[in-house]
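Q: Hello! Could you walk me through one part of this model at close range, then say briefly what else is worth a look?

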Amino acid sequence: MVEAHIEVKGLRKEYGDLIAVDGIDFEVRKGQVFSLLGPNGAGKTTTVEILECLRTATAGDVKILGHDLSQSSKIKRRIGVLPQGFNAFDLLTVKENVEYFAGMFEDSVNTDELLSWVKLETRKKDLFKNLSGGMKQRVGIAMSLVNDPEIVFLDEPTTGLDPGARRDVWRMVRNLRERGKTIVLTTHYMEEAEALSDYVCIMNKGRIIVRGTPREIIRDHGGSPVAIVRGAGERGLQALSPNFPDCELTDADVKIPISNGRRVSEILNTLDNAEVHYDEIVIKKSTLEDVFLKLTGQEFKGGEEDEE
Ligand SMILES: Nc1ncnc2c1ncn2[C@@H]1O[C@H](COP(=O)(O)OP(=O)(O)OP(=O)(O)O)[C@@H](O)[C@H]1O
Ligand SMILES: [Mg+2]
């Protein structure tokens, strides 16, 4: 069994009357990408900031790399943090910002190598304030790595980034994982959690409502895949209804759940025989987003729209 880098038992955080984290348990194993996924206010940041020794818990037991949170100086040496809404010194250059952070640790990595790794080697002398959002976030990732940490906490590393910049962050997370780092990620984006994580806890209102690998969660809580016949309209519905009584028309698309051994070829044959015109057929598998909707009855209102 791979060793646990983080162990959380009965973690609770109250802000006055508000219960932000309501007794949660989880473990993160060495080398995993572990994601806390949930809508605004779910308690993700509160949870990770307790693990980062930035906030105190109301109750619960937490061990980071074998240490209690009371041993925060030992923990802080061995973790890296990219806080939500990261910002740095606007009037320092990229390199100065990273060096400033590196200077806080007895042992730090070579900052030039780090800046090359985050693809900022040509921007080292630029003022932080003049960088794009994606570059700023890469400075933040570089800063989180100055002490060559064993665990890296990334709190919403891609919120507000365009799709290209988001993919850059994904590549870095994957590369860190290949280097054996343990990564704790929080995100609003279901797609991101699905693409990057070894293990996901979906949080809502301070609780973990479902957990597992993305595949397990979708298998256990997702619905069956659906064939969507785009543009088939009313004619499509009439043609398909006798053989597929559970098909539905939404706008001009006919949707047919394809569980129970039903084959897509049967759908195609039915459409062909009835000479129904349609634009395309897509097979949509359940996503973590469908799971969230099913479990909570709530639309998943993450940050801004996903531009992809
Ligand atoms: N310092 C604080 N004082 C009082 N309430 C707080 C404080 N920090 C967070 N909260 C509240 O605790 C709840 C959980 O907040 P938290 O920031 O942990 O959620 P989150 O899942 O990170 O949300 P987001 O996706 O918006 O970042 C929210 O209702 C929030 O308003
Ligand atoms: Mg947050």
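A: In this predicted model, strand S1 (residues 4-15) pairs with strand S4 (residues 59-64) in the antiparallel sense through five bridges; a pair needs at least two DSSP bridges. On this shared border, Arg 12 faces Ala 59 of S4. Both strands belong to an open, antiparallel sheet of four strands, ordered S2-S1-S4-S5. At its edges are S2 (18-29) and S5 (67-68), each with pairing on one side only. Helix H1 (residues 44-51) lies across S1, S2 and S4 (contact means heavy atoms within 4.5 Å). H1 runs at about 125° to S1, taken between N-to-C directions of lines fitted to C-alpha atoms, for helices over the stretch in contact, on a scale from 0 to 180 degrees. Helices (H or I, at least four residues) and strands (E, at least two) are DSSP runs, numbered from the N terminus.

For your next look, try the largest pocket (an open set of points on a 1 Å grid over the protein atoms alone, where a 1.4 Å probe fits, with protein on both sides within 12 Å along at least five of seven lines; lining residues have an atom within 4 Å of a point). Of its 21 lining residues, Gly 80, Val 81, Phe 101, Phe 105 and Met 143 are closest to the centre. Strand S6 (79-82), helix H3 (94-102) and helix H5 (133-144) each give at least two lining residues, and S6 gives the most, with four.

Residues count from 1 along each chain as written, with chains lettered from A and ligands numbered from 1 in written order. Local features need pLDDT of at least 70, side-chain atom pairs 80 or more, while totals for chains, interfaces and linings use all residues, and side-chain values use heavy atoms, without hydrogens or water.
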